[in-house]
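Time to open the notebook and look around this one. I'll take the sheets, then the helices, then a few single residues.

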Amino acid sequence: MTETKRKVMYLNPVGTDGYDQVFVDMAAKYKMPGTEVHITSLDPGDGAFTHIEMRSYEAMVTPGIIKATRAAAEEGFDALAIGCFYDTALHDAREVSGEMVVTAPCVASCRLATTLSNRFGVIVGRQKWVHRMQSTVESHGFGRECAGFYPVGLGVNDFQTDHTSTNALLQQAAARAIEQDHAESIILGCTLEIGFHEKMEADLGVPVIDVSIAALKEAEYAAELKANCNWKPSRKWSCEAPDEAEIVSFGAFDQGGIFGNRIVVAA
């Protein structure tokens, strides 16, 4: 079998590029040699947010995610990962994705965690996140396997302020999940620094999953399956795509800026 070439987009669903380099470094380290990865973020016109912790922020960036997904499909990408553990607009984006596969960190990391263990705990930034993330985990069918959610009292922007302090908080929360609630693997609900999960895993003795890596690798794997097995996304029943003529008549799906930033990690 000849090597498959894959083209994957990792979409940072905010209208600023401050964290794009983190995902560039992640892709460069963990992607397969035959994969070309485009790290993108939204146009600032869709909301110049540095995070989407709030549901209102999610609502504001959802149109941008839809437009970016449609644009990526038209550019011929094999797969796209929406880079937020809330899996923001995942099902909405799939409707306009054509033959491109769309995934996101929560569903990808839960799938991986339940491959590596029977029971996982999720380390999150703030209590604010828990209801949203729990709803997402349960909607994907992983509620029974989830041991719990463990906040460390940090917002997204706080994670990068003092890595030493953040590392200690994450380690403490993970230890609680393992020792008190018998979690057998750990999901890091927010990316801190590339490779940190490896250190945690060595210290804790259980698999530790960085959600950005999980999302990228699931997108990459899906692209591989499309090429080698001819498995493509369904467009039947709940997966039905909008009528193209109707989309064009609305005009809103292709208007305005799409991507505010793009960095290509070559195959």
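**Entry 1: what pairing means.** Before I list any sheet, I need a rule: two strands pair if DSSP finds at least two bridges between them. I also note that this is a predicted model.

**Entry 2: the five-stranded sheet.** I looked up the strand order here and got 4-3-1-2-9, for an open sheet of 5 strands with mixed pairing. Which strands stand at the edges? They are strand 4 (101-103) and strand 9 (259-265). Each has a single partner strand, so one side of each is left without a neighbour in the sheet. From one strand to the next, the twist averages 20°.

Next I zoomed in on one pair. Strand 1 (residues 6-12) and strand 2 (residues 35-42) run parallel and are joined by 7 bridges. I picked out Tyr 10 and found Ile 39 of strand 2 opposite it. A thing to remember while clicking along any strand: in a regular strand, side chains alternate between the two faces of the sheet.

Is strand 2 largely enclosed or largely open? I checked its residues, and 7 of the 8 are buried, so strand 2 is largely enclosed by the rest of the structure.

**Entry 3: the four-stranded sheet.** There's another open sheet, with 4 strands in the order 6-5-7-8, and its pairing is parallel. Strand 6 and strand 8 (208-210) are the edge strands here, each pairing on one side only. The twist averages 20° from one strand to the next.

How many bridges join strand 5 (residues 120-124) to strand 6? I found 5, and the two strands run parallel. For one example, Val 124 has Pro 151 in strand 6 as its bridge partner. Helix 6 packs on this sheet and touches strand 5, strand 6 and strand 7 (185-188). The direction of helix 6 makes about 150° with that of strand 6.

**Entry 4: helix 6 against helix 7.** I followed helix 6 (residues 163-181) over to helix 7 and looked up how they meet. Their axes come within 11 Å and cross at roughly 45°. I wanted a word for that angle: it isn't under 35 degrees and it doesn't reach the 65 to 115 range, so helix 6 and helix 7 are oblique to each other. The crossing is right-handed.

Who does the touching? On the helix 6 side I wrote down Asn 167, Leu 170, Gln 171, Ala 174, Ala 175 and Ile 178. On the helix 7 side I have Phe 196, Lys 199, Met 200, Asp 203 and Leu 204. Sorted by class, the residues of this contact are 7 nonpolar, 2 polar and 2 charged.

**Entry 5: Ala 175.** I stayed on helix 6 for this one, since Ala 175 sits there. With a relative accessible area of 29%, Ala 175 is partly exposed. Ignoring neighbours within four places in sequence, Ala 175 is in contact with Gln 180 and Leu 204. I also checked the spacing to Ile 186: the two are 11 residues apart in sequence, and 9.5 Å apart in space from C-alpha to C-alpha.

**Entry 6: His 197.** This residue is in helix 7 (residues 196-204). Why does His 197 count as buried? Its relative accessibility is 11%, and buried means under 20%. Not counting residues up to four places away in sequence, I found His 197 touching Tyr 30, Leu 188, Val 208, Asp 210 and Ile 213.

**Entry 7: helix 1 against helix 8.** Two names from that last list, Tyr 30 and Ile 213, turned up again here. Helix 1 (residues 20-30) and helix 8 (residues 211-229) have axes that come within 10 Å and cross at roughly 55°. These helices are therefore oblique to each other, and helix 1 passes helix 8 in a right-handed crossing. Helix 1 brings Phe 23, Met 26, Ala 27 and Tyr 30 to the contact, while helix 8 brings Ser 212, Ile 213, Leu 216 and Lys 217. By class that gives 6 nonpolar, 1 polar and 1 charged.

**Entry 8: Arg 144.** Last stop: the loop between helix 5 (127-139) and strand 6 (146-151), where Arg 144 lies. Buried or exposed? Arg 144 counts as exposed, at 80% relative accessibility. I also looked up Phe 120, which is 24 residues from Arg 144 along the chain; their C-alpha atoms are separated by 9.7 Å.

Notes: Residues numbered from 1 in each chain as written. Predicted model: local features only at pLDDT ≥ 70, side-chain atom pairs only at ≥ 80, totals over all residues. Heavy atoms only, no water. Buried < 20%, exposed > 50% of the residue type's maximum accessible area, 1.4 Å probe, protein only. Contact = heavy atoms within 4.5 Å. Axes fitted to C-alpha atoms, helices over the stretch in contact; angles between N-to-C directions. Parallel < 35°, antiparallel > 145°, perpendicular 65-115°, else oblique. Left-handed = near helix turned anticlockwise from the far one by under 90°. Nonpolar A, V, L, I, M, F, W, Y, C, P; charged D, E, K, R; others polar.
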